[in-house]
Amino acid sequence: MSPILIAEQVLNGLQFGVMLFLMAAGLTLIFGVMGLINLAHGSLYMVGAFAAAAVAGATGSFLLALVAALVAAALAGALVELVVIRRLYHRDHLDQVLATFALILIFSEGTRWLFGSFPLYLDIPSWLSGPVTLPGGIQYPLYRLALIALGLLVALGLWLLISRTRIGIQIRAGENDREMIAALGVDISKLYTLIFALGAGLAGLAGALVGAIQSVQVGMGEPVLILAFVVIVIGGIGSIRGALIGALLVGLTDTLGGIFLPELFKLFADPATATATGSAFASMAIYILMAAVLVWRPTGLFGARA
Amino acid sequence: QTKVGMITTLSGGGASLGIDIRDGFMLAIEDDGRDGLEIIIEDDQRKPDVAVQIADEMIQSEKVDILTGIVWSNLAMAVVPSATAQGKFYLSTNAAPAQLAGRGCNPLYFSVSYQNDNLHEAAGAYAKSEGYTNPFIMAPNYPAGHDSLNGFKRFFEGELAGEIYTELGQTDYAAEIAQIRASGADSVFFFLPGGMGISFLKQYADSGVELPVLGPAFSFDQAILQAVGDAALGVKNGSNWSKDLDNEANAAFVAAFEEKYDRLPSLYAAYGYDTANLMLSALDVAEPSDQEAFRAALAAADFDSVRGDFAFDTNQHPIQDIYVREVIKEGDIYTNKIVGTAIEDRSSAYVDECSM
Amino acid sequence: MTRETAVNTVILGLLIAVPAWALYADEPFTITLATRAVIFALAAVGLNIALGLGGLVSLGHAVFFGIGGYAMGILASHAQNYTPLMEWPFVLEGTKSMPVIWLTAIFASALAALLIGILALRTSGVYFIMITLAFGQMIYFFAISWPAYGGEDGLSIYVRNEFPGLNTLVPIQFYGLCLALLLVVLGLNALLARSPFGLALNAARQVPHRVETVGLNPVRLKLVALVISGAVTGLAGALFADLNRFVSPTMLSWQMSGEIMVFVIIGGVARLFGPVAGAAIFVLLEHLLGGVSDYWQVFLGLVLLLIVLSGKGGVIGMLAGRGRTHD
Amino acid sequence: MTEPVLSTHGITRSFGALKASDDISIDLQPGEIHAIIGPNGAGKSTLIGQISGSLTPDAGTVRFLGHDVTRETVRARARRGLGRTFQISALAMEDTVLQNALLGALGASGRPWRFFGAALRTRDLRDRAEAALDRVGLADVASVRTAELSHGQRRLLEVAVALTLDPKAFVMDEPMAGLGPEGSKQLTGFLDTLRAEAPILLVEHDMDAVFALADRISVLVYGRVIATGTVDEIRADPAVRDAYLGDTA
Amino acid sequence: MTLLSLANVTAAYGASQALFGVDLTVSEGEAVAFMGRNGMGKSTTVKAICRMLPAHGTLVFDGHDLTRLPSHRAARLGIGLVPEGRRCFRDLTVAENLTAAARPGHWDRARVTALFPRLGERLTQRAASLSGGEQQMLTIGRALMTNPRLLILDEATEGLAPIVRQEIWAAIATLKAETGMAMLVIDKSLAELRTACDRAVILERGRTVWAGPFADLTTDISERHLGV
Ligand SMILES: Nc1ncnc2c1ncn2[C@@H]1O[C@H](COP(=O)(O)OP(=O)(O)OP(=O)(O)O)[C@@H](O)[C@H]1O
Ligand SMILES: Nc1ncnc2c1ncn2[C@@H]1O[C@H](COP(=O)(O)OP(=O)(O)OP(=O)(O)O)[C@@H](O)[C@H]1O
Ligand SMILES: [Mg+2]
Ligand SMILES: [Mg+2]
């Protein structure tokens, strides 16, 4: 394997990591900062992608589609927060798991009801399509570069919001003691609705952005959801920096594991078996990584120490 | 009075396939319009245990005579052996795993669609005939993926630039595309059903790699082509059916399907339609309660298949021509047209293992 | 008799009366459905031991369920094909005997629970939920892509396994067997909850640091609870595979873990009969709503949502009033 | 002097740049109540943590009943007979008072792996638990859920749980915290009788209680012991008045 | 001018009733001691005032009916709370704890850290790692940052060193004298309450059983209702 290919694969891993972060960003807010286990996060991701596909289909504008994704998912998020989620903050994680599990069912089948069972069309706009040549001769799709930039921007924005602004501080205070922050005069309910909507909007945006290079279909959110949880937990709940680093680690592990493990197994087995066995272990790699990180540091890389 | 139980996927991610099977099947049944035939349809949610439960219900409570409809191989493996063990006919509208074509073949089991490997074999045969010398081949790491690459290799028999198994459900293929680019391959064969194929094709089209792409029909069928869009144009795929197949039955089917459901039929709809017609033709001759006679009537395959010539081999899987299609755009609609025949009168690789 | 005991008695009565009616009315599928509910209930009773008593929110119980299933699948498929399970260092044959399969399932899933527990119990809270999920995913992906036992296609067994003196192919007999196991386990669960071990576990859930200062090891208490819990769920997995005569990686999927948890929560966490009520309701809803519309899962979702939002501690809580019960 | 029941020798513990314990050597003699006082943040809870085993010192040793227990776990020390109460009540709130006491008895028995037979009907455990509840005067509320106890009752239950262990020494972190004047008086009376059974290392800010109970007082400031002496000596010590007492006494 | 007035207030935790009829008034600039044995309902009353628990009866603050307001609205009317049990925001730093609560007015971070220099030295430390007393100071500082008109101190000196307690009582006296902030004080030290407060209200089993100026609080009454 040539050095340039290895370099390219490392870049792919990092890129995949940033994309994971983009998908996990909204969840970081909701799960990491507000402390709510929202299994329906993947559904909001799906809502964004469907809204984008519908608007792109009707208007032909990718930018409008992104706006639509953000708005639709944020509205759906706000609605869900007002009707369901707000009754769950003071409950234990179990109830949150069940309620948001129920929301997945409602969202998935509801979307199918509205949009039918067939995957929808959403593609990269022409001004972002095609590869560019990077130094070293690596050909890299422009759209993916744009995703990296956007992912990093979102990471920075979120980090500033949570750690530097008063709203961010108040949200974290609410996570510690909701009753108390309200008793100090902060309208924490409204704040939580806003933040939930923001998290949902980010999920929707990610759904649209990533949907353009993947498939827009019912159920697209669930695999993402698990990956996003993995990312956040590895990084440490509540830490934006942790989520970013966790995402990069997962991206690298997944990409490089998928490439090198089969190669590694070829050293002791015939190619067909090696490819199959190597890939089998590669698909377990990120979960092994997660378990290893948690065994080593039980609250993730940057989580608050217990 | 004959009862038929259809178990298929009508909710969740894979619902579009099951819906097409159902719609194709019901089109034939309603056209026929005979009395004394009852069809019961249930959703398996793409879960094997649910499929088994429904099969039990249909057999034990509804007392059906014939089962049909399953889309996925793993669900078929869960249902078919126990259904045939309980003396029920099973007519496959899609899934036809190797085990059931070879050692596990059964007098009560017919596959109307194909044997799972067929369309991959066609792609392999086509690659060879096009003179490709080192294709790069890939499929997800699960049994159907392994069968796929084996099917391709069975008819290709040459050097490969690379052979990889991806993760089932994977959505990002940047790493694989980089490997393809670096491999020096002259063509790419892939089997990535459902959303995986959509993702791969979009990303491949955007990557600047311009090698010709081949695959089985699944990733280029009517149900998902609209979601892939331009990225699929020109891709060659192996299929035993296409909407432009030139025979009377097919023309009638395509027209009737479009008329009734206001969309183009897919491969799965065609299988559903054929299955229903096969069953109706057998019911004209015998009752399912007379197992021997009904089985003989099915095996005779005395119906007008939308695929043209159609016969069953001894393992009760079809002998049929398999074509190569190319993805084209007709007006606003992406669809396929036949560009050649990959293998003629193809049966299946496992027929000798079947002791029937 | 407290209200909860009354509710439990009614549930128990239904478990006996409904299949009896089905037998009389010749509705064999109702028996199959009841068997499914009873097996799910057993799996959920297993989870409830970890969850209700030990406070361990495991989102990876499908691992044990699946291991139980594969214990059955592997043993029976070897017996079916007359190939030994292993030939070295000694020959081990497959088997079609349920009791042997059960013991294997219990032992294998207990072992898995021990290994997972040793690692997972280093974490707590949300991290525990997620690390159990991670182990589940690991094993799920392994099972899908490992070709030896069918990979994603799973393993099919043509005839249900055997139990001495019974014809397990007759639905009501198999049901009776499953129900008997469920009742035995429920009985053990009730004993466990009141036992000294149960007392210590209960405290370890609420105030682990207090448990340490009386000289007990809360982590070890929880580990033992997890092992017992995994073993019970593993037994349920073996029965489930036998019910379907089929096992596949879906039994190991995170959705399966989620469903087992849903059974417990619908019924009521830490209630003896909570998992039983939850599993029965879920199976019933799934069956009834399936006929209503293609989009029936929307309604299932709504019903589940109503149950949680009512906040009464599951169905048993709604019927019997809030509060844990002690003597 | 007799061999102390419990002693620390030069224990030191830092949090980052902060030396929370700085070369602390104190001891607890049989039959005495030794009070530790000092300003907030002086390192009293940190010291208790190191003695009971939830924190490990960076340097120095802890000895208990003649053994070096510096590296032992909380559990091991508890089994040796170290009874601890928490600054914030650590009780199983969903359980009854009796069940909380039973937990202590179970710990004392050292045999938690009994999966059958109701805990409430296990004679040895029950006798021990009831005896302890009786001692602190909670026998009447034995079947009440702990969450329903008043604050003062919870503090007493805390002590009762420790009592079930038949400890050889008690370590108590602010047992009077949150008690009203009446409750404080009651608990003070109780601790006074307890010292005959096992000596008590007592951290407390309630000076009325400390002055009434302590045989000796050590004063901790910035992690160091600045003075040790009798009540009168400490009251009179100007350094202690400056750092801690103000004009209370 | 009466700032806060409660008449015949009742409240319950689920099914178990905790308040059976509490009467209480606090006038502007006045400090009221709120007394009673453990578990008599003092903190419950505070929760009712701060809208952390549904309550019935008359609850009026500065002319506004509190029963209809959510917690944060009540706080914004000018009720500042130092809760029982050191409920600082454990994962936030000292500085963030203060910022989270801040509303414009006399009290800002500089004034609070001047009042409690220990907090000033630990601005970037996580609240969970503060000593008990430091956490107590932080919750007082945090309540001051809301610039309340009525400060409710529920066991605010619990667990504090005598010398710090004296400082806090001194600070309370200063607050009262200089800013005229009204106060409702719960504390176990009768002596200290006596010097800091003008009036006392005594609660027993969820009912107001005595109210009046401190001067009228005879040993007889305190023996009967407080046990000392
Ligand atoms: N985990 C920690 N990390 C950093 N600093 C800590 C930690 N634990 C304690 N400290 C600091 O160590 C010092 C001693 O704390 P400790 O809790 O022992 O005080 P204390 O004497 O018990 O005070 P109080 O009487 O207020 O309870 C304090 O300044 C505290 O902020
Ligand atoms: N969360 C709760 N749930 C149920 N009952 C409660 C709860 N909190 C307090 N109580 C009960 O309400 C009554 C009043 O308690 P409250 O805390 O108001 O007393 P208090 O006067 O503040 O006592 P203390 O001086 O101990 O703080 C007590 O009997 C107590 O047991
Ligand atoms: Mg302390
Ligand atoms: Mg109080």
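# A walk through the salt bridges, two ligand sites and a greasy patch

Start by selecting Glu94(D) and Arg205(C): their side chains form a salt bridge, with 3.3 Å from N to O. This contact runs between chains. On one side, Glu94(D) sits in the loop between β7 (82-85) and α3 (97-109) of chain D. On the other, Arg205(C) belongs to helix α7 (residues 196-206) of chain C. Glu94(D) has a relative accessible area of 27%, so this residue counts as partly exposed. Keep in mind as you click around that this is a predicted model.

**Next stop: chains A and B**

Select Asp172(B) together with Arg144(A). Here is another salt bridge, at 2.9 Å from N to O. This pair also crosses between chains: Asp172(B) is in the loop between β7 (162-166) and α7 (174-183) of chain B, and Arg144(A) is in helix α5 (residues 142-164) of chain A. Are these two partners buried or exposed? Asp172(B) counts as buried because its relative accessibility is 8%. Arg144(A) is buried as well, at 5%.

**Stay in chain B**

Now pick Arg154(B) and Glu121(B). Their side chains meet in a salt bridge with an N to O distance of 2.4 Å. The two residues are 33 apart in the chain, and the pair ties together distant parts of it. Look for Arg154(B) in helix α6 (residues 143-156) and for Glu121(B) in helix α5 (residues 118-129), both of chain B. Color by accessibility and you'll see that Arg154(B) is partly exposed, with 27% relative accessible area. Glu121(B) is buried, at 0%.

Before leaving chain B, select Asp20(B), Arg22(B), Asp23(B) and Arg263(B). These four are joined in a network of salt bridges. How many salt bridges are there over all chains? The count is 57. As for why such pairs turn up, side chains of opposite charge can pair when their charged atoms come close.

**On to ligand 1**

Center the view on ligand 1 and show the residues around it. There are 22 of them, and the nearest are Asn40(D), Lys44(D), Thr46(D), His205(D) and Gly133(E). Why is this a shared site? Residues from both chain D and chain E surround ligand 1, so the site is shared between chains.

Turn on distances and check a few contacts. A polar backbone atom of Lys44(D) lies 2.7 Å from an oxygen atom of ligand 1. The backbone of Ala42(D) also offers a polar atom, 3.2 Å from a ligand 1 oxygen. From chain E, the side chain of Gln125(E) puts an N or O atom 3.0 Å from an oxygen atom of ligand 1. On its own, ligand 1 has 630 Å² of accessible area, and the protein covers 84% of that.

Now switch to cartoon. Three elements each give at least two residues to the shell around ligand 1: β2 (18-24) and α1 (44-52) of chain D, plus α6 (132-145) of chain E. Color the shell by residue class and you get six nonpolar, 12 polar and four charged residues.

**Then ligand 2**

Move over to ligand 2, which has 14 residues around it. The closest are Asn38(E), Gly39(E), Ser43(E), Thr44(E) and Glu84(E). Chains D and E both contribute residues here, so the ligand 2 site is shared between chains.

Which side chain should you zoom in on? Try Glu84(E): an N or O atom of its side chain is 2.5 Å from an oxygen atom of ligand 2. Two backbone contacts are worth labeling too. A backbone N or O atom of Lys42(E) lies 2.8 Å from an oxygen of ligand 2, and one of Met40(E) lies 3.2 Å from an oxygen of the ligand. Alone, ligand 2 exposes 630 Å², of which the protein buries 72%.

For the surrounding cartoon, highlight helix α1 (residues 42-49) of chain E, which gives the most to this shell, with three residues. By class, the shell around ligand 2 holds three nonpolar, six polar and five charged residues.

**Last stop: the surface of chain C**

Finish with a surface view. Select Phe107(C), Leu111(C), Leu114(C), Leu115(C), Ile118(C) and Leu119(C), which make a nonpolar surface patch of about 550 Å². Zoom in on Leu119(C), found in helix α4 (residues 98-120) of chain C. Leu119(C) has a relative accessible area of 33%, so this leucine counts as partly exposed.

Definitions and conventions:
Residues numbered from 1 in each chain as written. Chains lettered and ligands numbered in written order. Predicted model: local features only at pLDDT ≥ 70, side-chain atom pairs only at ≥ 80, totals over all residues. Heavy atoms only, no water. Patch = residues over 30% accessible without salt bridge, like charges linked within 9 Å, V, L, I, M, F, W, Y side chains within 5 Å. Areas by Shrake-Rupley, 256 points an atom, 1.4 Å probe, with all protein chains shown as cover. Helix = DSSP H or I, 4+ residues; strand = E, 2+ residues; numbered from the N terminus. Buried < 20%, exposed > 50% of the residue type's maximum accessible area, 1.4 Å probe, protein only. Near = heavy atom within 4 Å. Polar contact = N/O pair within 3.5 Å; in protein donor to acceptor, adjacent residues only side chain to side chain. Nonpolar A, V, L, I, M, F, W, Y, C, P; charged D, E, K, R; others polar.
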